[in-house]
Amino acid sequence: MAFPYVESLIQKCTSLAHIKQVQVQLITTGVFQFCPSRSNLIELCAISAAGSLSYATVIFRQIQSPVTNDWNAILRGLANSKEPRNGILWYRNMMSRGSRKPDALTCSFVLKACARVLAFSEAKQIQSQILRFGFQSDVLLQTTLLDVYAKTSEITGAQQLFDELPNRDIATWNSLIAGFAQGSRPDEALSLFERMKLEGFKPNEISVLGALSACSQLGASKKGEKLHEYIKNEKLDSNVQVCNAVIDMYAKCGLVEKAYSVFDNMPCIRTVVTWNTMIMALAMHGHGTRALEVFNQMGLAGVHRDSITYLAVLCACNHAGLVEEGVCLFNSIAGSNMRPNVKHYGCVVDLLGRAGRLEEAHRIINSMAMVPDVVLWQSLLGACKIYGNVDMAELASQKLVEMGSKSCGDFVLLSNVYAAHERWNDVGKVREAMKREDVKKIPGFSYIEVKGVIHKFVNGDQSHVNWREIYGKLDEIGFRVKTYGYVPETSFVLHDIGKEDKEYALNYHSEKLAVAFGLLSTTKGSSIQVIKNLRICGDCHVVFKLVSKIYDREIIVRDRARFHRFKDGSCSCGDYW
């Protein structure tokens, strides 16, 4: 049987039965052990819908002396499988045999497996072997290695690899852009995206996904709108993943109506991810009723609702204070052939807690089939602070201690509960516990975009070129809000310092600095939008309501949980947050 004829037969295989027939012919004609085409047969079996990866390994094990292409066929299948770590194990097996030297493709496939399971140490070992084998000039291989670095948050190493590459292709740029975006370096992701265009590369679907993610993190609406125009002009919105990312970007940039417009006018078919993204977008803006409407439309459209759908709509009920609707939806999850997961429980506990139904929230925690996580007890503790329930606050706090939580917020909440009841000895004990446990506060920072430029502020920041003017504006704000009866809520500062020092610490929170800069740098009457990495503090919330009224400005703050729109002295959250 001529080998070209074997290749022709392989190309005609459309099922596992066909693959097995070709395998039998190779064996019965006596050419299986030395026919080069067997590697293509194994690869077809390993990666195509017509084949079976497990059967591909059966064929492989019948080979007396597998050549490099045989190993590559299996490794490619494993790298793309549900268990990519097995690809690393197969590569180790290949190297231990020592009979066949890997080629650049071998290394590329195993590096792809490393990227998928975030196996950085294994990738480093393969990198040294790449140098030993002399494959370092292979652009595809270097791009795959860069992708591993980027996905495992080794961004400095990824950037070094990128800079050392003599020839870069679009995939190389995309890997580093995505790495920056996923590695919480969104400003660098956007800078690299612009640099890529200047160097003559045309962004594709993967490029814009990374850039959209960066815009979402920064709340960079102007850059996001410009990027959306490019996407439409280049017809990249025919890709549903791109459309989903655009919806998410607009929502996280505070433009929920634009997000809905993209959702409503998509040139491609909506997936369950599209619906979930839109429901979550409405949720984070506090549009609970609209989120419920989209949830119902999803059912009417025949799209299967998954666990994320229910999580999104529960979040919408939570942010909008739709207690009965949220409880009803939570109870309906079981009727949808699903079991509530810990995040579903977290939403309903938070919902009930904020509504003052603390005992009911506690009963739900105790009824859980799985172990409650830290977030659940933190939600209950937060509700105890709102309603001043000392006994349950102590219970929730004890559970958090048992779980090893050292969040600064946990201690602050418990201390505030004690302080509200003038239990100063207990407040002191909380402070002592913080020192003993060496509790570290997550640094707060905020972004604001002005004239297309992103400005970042941290608490007490004096690094901005205009910091003196910003501080002067904050002094003016402080004076004006006090004429409206504002009193600094120093309970939000859990440091053993005097009242004046606490007021000073509150006054220079990162979001206040960003809003002051916005008042200085934008035109009168225009809205100010700020992105905060943590939840907005209660004192800043009070101040921004007053600032929106005094200065006749809409102030939009996106914290880690939701959007707050301050206008005419009130907030869109209705103080329910």
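Okay, let's start with one residue: valine 375, which at 47% relative accessibility counts as partly exposed. Valine 375 sits in helix 23, the stretch covering residues 374-387. If you want a feel for distances, take leucine 89 as a partner: valine 375 and leucine 89 are 286 residues apart in sequence, and their C-alphas are 37 Å apart in space.

Before going on, a reminder that what you're looking at is a predicted model.

So, the overall picture. The protein chain has 577 residues, and 50% of them count as buried. Its secondary structure comes to 30 helices and six strands. Along the principal axes, the C-alpha trace spans about 95 × 55 × 50 Å. For the surface people: the accessible surface is about 27,100 Å², and carbon and sulfur atoms own 52% of that. And on contacts, if you take those in the chain with a separation of 6 or more, 64% are between residues 24 or more positions apart.

Tyrosine 576 gives us a nice example of a long sequence separation. You'll find tyrosine 576 in the segment after strand 6, which is 570-571. What does tyrosine 576 touch, leaving aside its neighbours within four places in sequence? The list is Asn318, His319, Gly321, Val323, Leu351, Arg354, Ala355 and Arg562. Take asparagine 318 from that list: tyrosine 576 and asparagine 318 are 258 residues apart along the chain, yet C-alpha to C-alpha they're 8.9 Å apart.

Now for helix packing. Two packed helices are described by the angle between their axes and the distance between the axes. I've got two pairs to show you.

Pair one is helix 7, residues 104-117, with helix 9, residues 139-151. They pack at an angle of about 15°, with axes 9 Å apart. Angles under 35 degrees count as roughly parallel, and helix 7 and helix 9 are therefore roughly parallel to each other. Helix 7 passes helix 9 in a left-handed crossing. Who's making the contact? From helix 7 we have Ala104, Cys107, Ser108, Leu111, Lys112, Cys114 and Ala115, and from helix 9 Leu140, Leu141, Thr144, Leu145, Asp147, Val148 and Lys151. Sort those by class and you get nine nonpolar, two polar and three charged residues.

While we're at helix 7, have a look at leucine 118, in the loop between helix 7 and helix 8 (120-133). Its phi is near 55°, a positive value in a residue other than glycine.

Pair two is helix 12, residues 186-198, and helix 13, residues 205-218. Here the angle is about 140°, and the axes are 8 Å apart. The crossing of helix 12 and helix 13 is left-handed. On the helix 12 side the contact is made by Pro186, Asp187, Ala189, Leu190, Phe193 and Met196; on the helix 13 side, by Ser207, Val208, Ala211, Ala214, Cys215, Gln217 and Leu218. By class, the contact of helix 12 with helix 13 divides into 10 nonpolar residues, two polar and one charged.

Last stop, over to the strands. Lysine 451 lies in the loop between strand 1 (445-450) and strand 2 (453-458). Phi of lysine 451 is near 55°, again a positive value in a residue other than glycine. Is lysine 451 buried or exposed? Exposed: the relative accessible area of lysine 451 is 78%.

That's my tour, thanks.

Technical notes:
Residues are numbered from 1 along each chain as its sequence is written. This is a predicted model: local features need pLDDT of at least 70, side-chain atom pairs count only at pLDDT 80 or more; totals for chains, interfaces and linings use all residues. Side-chain values use heavy atoms; hydrogens and water are left out. Axes are lines fitted to C-alpha atoms, for helices over the stretch in contact, and angles run from 0 to 180 degrees between N-to-C directions. Helices (H or I, at least four residues) and strands (E, at least two) are DSSP runs, numbered from the N terminus. Angles under 35 degrees count as roughly parallel, over 145 as roughly antiparallel, 65 to 115 as roughly perpendicular and the rest as oblique. A crossing is left-handed if the near helix is turned anticlockwise from the far one by less than a right angle, and right-handed if clockwise. Contact means heavy atoms within 4.5 Å. Ala, Val, Leu, Ile, Met, Phe, Trp, Tyr, Cys and Pro count as nonpolar, Asp, Glu, Lys and Arg as charged, and the others, Gly among them, as polar. Buried means under 20% relative accessible area, exposed over 50%, partly exposed in between (1.4 Å probe, protein chains only). Accessible areas come from the Shrake-Rupley method with a 1.4 Å probe; for residues, only the protein chains shown count as cover.
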